[in-house]
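I'm opening a fresh page for this one. Let me get the chain on screen before I jot anything down.

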Amino acid sequence: MAYYIGVDVGGTNIACGIVDDEMKIIARSKVKTNPRGRDGDPPDYAEILDEIKHAVRLVCDEAEIDPSAAHSIGIGCPGTCGNGVVEYANNLKFKNSPLMADMESEFKIPVYLENDANAAAFGEFVAGAAKGSRNAIVITLGTGVGAGIIIDGKIYRGSNCAAGELGHMVIVMDGLPCTCGGHGCFEAYCSANGLIHMTTQASELNPESIMTKMIREDGKVSARTAYKALKQGDPVGKAVTDQYVKYLACGIANAINIFQPDILCIGGGVCNEGDTLLLPLKAAVAERIYTKNSAKNTDIVICNLGNDAGIIGASMLFKS
């Protein structure tokens with residue numbers, strides 16, 4: 001039995017797992033990315049590197065194996081990752097950081113480095129909802145919109161290792177501002193923050209709606225508020241979710257028209273709505289794709305690995 005170490009580096013936590021030949025996680029560890037929490041000041045590269053090493057040692061202790069006995073270590077990290085280096089990560093103090101070489105020097109086994117969204121997409125491809133396909137796109141609807149593209153079984157990285165940023169294709173010319181500095185991005189409308197923004201606006205315009213009363217009772221707006229209102233028969237909640245699906249279908253249809261994958265998987269908290277989200281989304285995409293009359297069109301499904309996708313995908317990067 002071979003063992004593979006997967007590391008998922010996030011802005012808050014570093015999650016690590018040991019994965020076996022059947023792509024099952026048999027041991028886990030989790031450490032804080034910034035354990036000292038210094039007044040919001042992000043830790044530097046050397047500090048995060050130490051925490052990544054610590055997470056690997058912890059998970060190996062949990063599994064009672066020596067790190068050198070593992071086949072390899074794979075790391076999914078935010079930012080642009082190429083040639084073993086994190087060239088830039090805007091939410092971490094990483095700039096041309098030689099993460100792969102530093103980890104190989106420490107553990108003396110092969111190390112593979114990839115953007116975290118690509119690693120999670122690869123996880124769904126090898127062990128999750130996209131397993132069995134050859135060409136796949138995985139889109140995660142979280143705080144932002146992350147994506148990974150698999151072509152002929154391999155992660156598509158582009159000429160500069162920055163491919164897959166589907167969250168920053170424009171779906172509304174001169175539209176809402178995005179965190180990237182642009183306007184009208186898919187992420188600005190279809191991330192959790194985008195849905196919260198739409199929900200908040202609709203609530204302010206409809207103070208007597210069921211949705212607004214729900215917000216007052218909860219004391220907050222979440223990405224699921226409009227869907228909760230929809231289920232209670234609120235027309236305002238329905239209007240918000242209909243608009244959200246319209247934007248989401250636009251971005252997904254664009255991706256399908258460009259890449260024509262076998263399968264497109266969506267993940268993130270809003271996908272917990274299941275068919276309430278998926279069925280109208282499929283119908284809206286079907287109206288927008290160029291190949292609507294084709295005998296073989298892209299299947300749209302919900303991811304099924306959850307937070308494990310990043311660990312499993314990272315552990316299998318040697319195949320990517």
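Below are my notes, one topic at a time.

**Ground rules.** This is a predicted model, so I kept in mind that local features need pLDDT of at least 70, that side-chain atom pairs count only at pLDDT 80 or more, and that totals for chains, interfaces and linings use all residues. Residues are numbered from 1 along each chain as its sequence is written, and side-chain values use heavy atoms, with hydrogens and water left out.

**Helix H6.** I take helices (H or I, at least four residues) and strands (E, at least two) as DSSP runs, numbered from the N terminus. Which residues of H6 are buried? Buried is under 20% relative accessible area, exposed is over 50%, and partly exposed is in between, with a 1.4 Å probe and protein chains only. In H6, residues 210-218, I found Met211, Thr212, Met214 and Ile215 buried. Looking down the axis of H6, I see them fall within an arc of 160° (taken from the directions from the helix axis to the C-beta atoms), so they line one face of the helix. Exposed Arg216 and Glu217 sit on the face of H6 turned away from that buried side. I then looked for what covers the buried residues of H6, and the cover includes H5 (192-205), H7 (225-231) and H8 (235-259). Glycine 219, just after H6, has a positive phi of about 75°.

**Helix H8.** I checked the length next. The expected span is 1.5 Å times one less than the number of residues, so the 25 residues of H8 should span 36 Å, and the end C-alpha atoms are indeed 36 Å apart. At the N-terminal end of H8, aspartate 234 acts as a cap, with a side-chain oxygen 3.2 Å from the backbone nitrogen of valine 236. After H8 comes glutamine 260, with a positive phi near 45°.

**Cores.** A nonpolar core is a set of buried Ala, Val, Leu, Ile, Met, Phe, Trp, Tyr and Cys residues joined through side-chain atoms within 4.5 Å. How many residues does the largest one have? I get 47, and those with the most contacts inside it include Ile139, Tyr244, Leu248 and Ile266. H8 gives the most to this core, 11 residues. Apart from it lies another core of 32 residues, among them Ile5, Ile18, Ile52 and Leu99. I also looked up isoleucine 266: with contact meaning heavy atoms within 4.5 Å, its partners include Ile139, Ile252, Leu277 and Val301, not counting residues up to four places away in sequence.

Methods:
A polar contact is a pair of N or O atoms within 3.5 Å; within protein, one must be able to donate a hydrogen and the other to accept it, and residues adjacent in sequence count only if both atoms are side-chain atoms.
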